[in-house]
Amino acid sequence: TDTQAKQRITVLGSTGSIGTNTLDVLGRHPDRFEVHALTASSQVEAMLAQCARFKPRVAVMAQEAAGRQLAERVRAEGLVTEVRWGAAALDEVSFAPEVDAVMAAIVGAAGLSPCLAAARAGKRLLLANKEALVVGGEVFLAAVRQGGATLLPIDSEHSAIFQSLPDDPSTWGQRIDKIILTASGGPFRAREPQSLRDVTPEQACAHPNWVMGRKISVDSATMMNKALEVIEARYLFGVTPDQLEVVIHPQSIIHSMVQYKDNSVVAQLGTPDMRVPIAYGLSWPERMASGASPLDFKSLSAMTFEAMDAHGHTERFPGLQLAWQTLRARSGSCAILNAANEIAVEAFLNRQIRFDQIHAVNQATLSALTLAEPGCLDDLMDIDRQGRETARGFVGRWAS
Ligand code: NAD
Ligand code: MG
């Protein structure tokens, strides 16, 4: 493919779990990709090592102090990378004309603004940052349409659904009966619901099948991750809330499935390794090596499934229902839920509230707020801010 121009990529959140997996995949294909920009929040040493290895044109730190530190270290090492910092710089490396594709791997609503910048500029937008779509909703989709961007899912479930659907999105509506998202059930799938009061951040972050950032690890333990994914699927695939279903599949081999009108089910399978959906997003509609091991059917003992309304899962994972509740409520509710959950998870990780109080904060915040329908990024950021403020109030009241 040396006749083809290399794709220029910006990796937002390059020091995180998805970011480092993305760089692993990019490093396997130096003939196809070059890195335009890498970004992180505050991890100076990790970013310095990535700059030395991938020689990006630009490195951005979200935090100013970290940016100044990195600039000094980059100069001392004699690297060519230009260092910037702050929110405007994150947007800039996402819409820069020389960029072909943006991997959105920042965690939380903090990633929304650069996602919208990439969408409006018509980039290939590889979306790991599910919170951005949950908060952005229709505003996000409108930016993708107006900018002529290509939105490709990186979340393993959504990549699986995308791979199980026909190429032409205009046929999806008339063919899909429902979308079935699989969930591992996380570290507490078989725990007594009452005993979840006492679990620690360390226990919540020890996922059986995936190594991930701390926020998504806690979300997997509460199954709020699956709630966010149900909302994400609603927007990515244009189905109604009734067409979305969740089933527990502890082995994480089937990554999700589509049931068609004739009850034929198409699924995508593979070892649990995020480099598969990352490589697919980068190479789509082609395929390329990901570094993941092949699935070994001879050593696969069993694939099992559990309904969400059995085995005590309703009591164990009360947050999952909030996906349908907020999707059926006025637009903006999903943004409130996301804001509350970000605050609640942070408070749990800081040992201010108990594990079961994450759901209490989310529910109380949703009940406390009714806000006007959002029409633009400023409206969304305002809803996000009010959601956080209200959630912090409940955390303050309940903190032990
Ligand atoms: P992580 O915590 O490991 O990494 C987050 C990255 O974002 C880091 O580079 C960090 O420096 C940067 N960052 C954090 N806060 C920031 C801020 N306020 N401003 C700018 N940059 C900031 O997280 P992760 O596990 O890689 O997850 C990233 C996103 O991908 C999340 O939305 C998550 O839900 C989604 N996702 C992750 C996985 C996974 O396997 N880890 C799977 C599916 C989806
Ligand atoms: Mg997922």
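1. Gly16 is placed in the loop that joins strand S1 (7-12) to helix H1 (17-27). The structure discussed here is a predicted model.

2. The environment of Gly16 is buried, because 23 C-beta neighbours lie inside 10 Å and the threshold for a buried residue is 20 or more. When neighbours within four places in sequence are left aside, Gly16 is in contact with Ala105, Val107 and Gly213.

3. The last of these partners, Gly213, belongs to another loop, between helix H9 (201-204) and helix H10 (214-222). Gly213 has 17 other C-beta atoms within 10 Å and is therefore partly exposed. Not counting residues up to four places away in sequence, Gly213 touches Gly16, Ser17 and Val107.

4. Both glycines also appear in the surroundings of ligand 1. The ligand is surrounded by 25 residues, and the closest are Gly13, Gly16, Ala110, Met212 and Gly213.

5. As to the elements that contribute to this shell, H1 and helix H6 (130-147) each supply at least two residues. The largest share comes from H1, with three residues. Sorted by class, the shell around ligand 1 holds 12 nonpolar, 10 polar and three charged residues.

6. The record offers an annotation for this region. In an unreviewed UniProt entry, the annotation "binding site" covers Thr15, Gly16, Ser17, Ile18, Asn129, Glu131 and Gly213. Gly16 and Gly213, both covered by that annotation, are also listed among the closest residues to ligand 1.

Terms used:
Residues numbered from 1 in each chain as written. Chains lettered and ligands numbered in written order. Predicted model: local features only at pLDDT ≥ 70, side-chain atom pairs only at ≥ 80, totals over all residues. UniProt positions renumbered as here; feature names shortened; annotations may be inferred. Helix = DSSP H or I, 4+ residues; strand = E, 2+ residues; numbered from the N terminus. Buried ≥ 20, exposed ≤ 12 C-beta atoms within 10 Å, placed from the backbone. Contact = placed C-beta atoms within 7 Å. Near = placed C-beta within 6 Å. Nonpolar A, V, L, I, M, F, W, Y, C, P; charged D, E, K, R; others polar.
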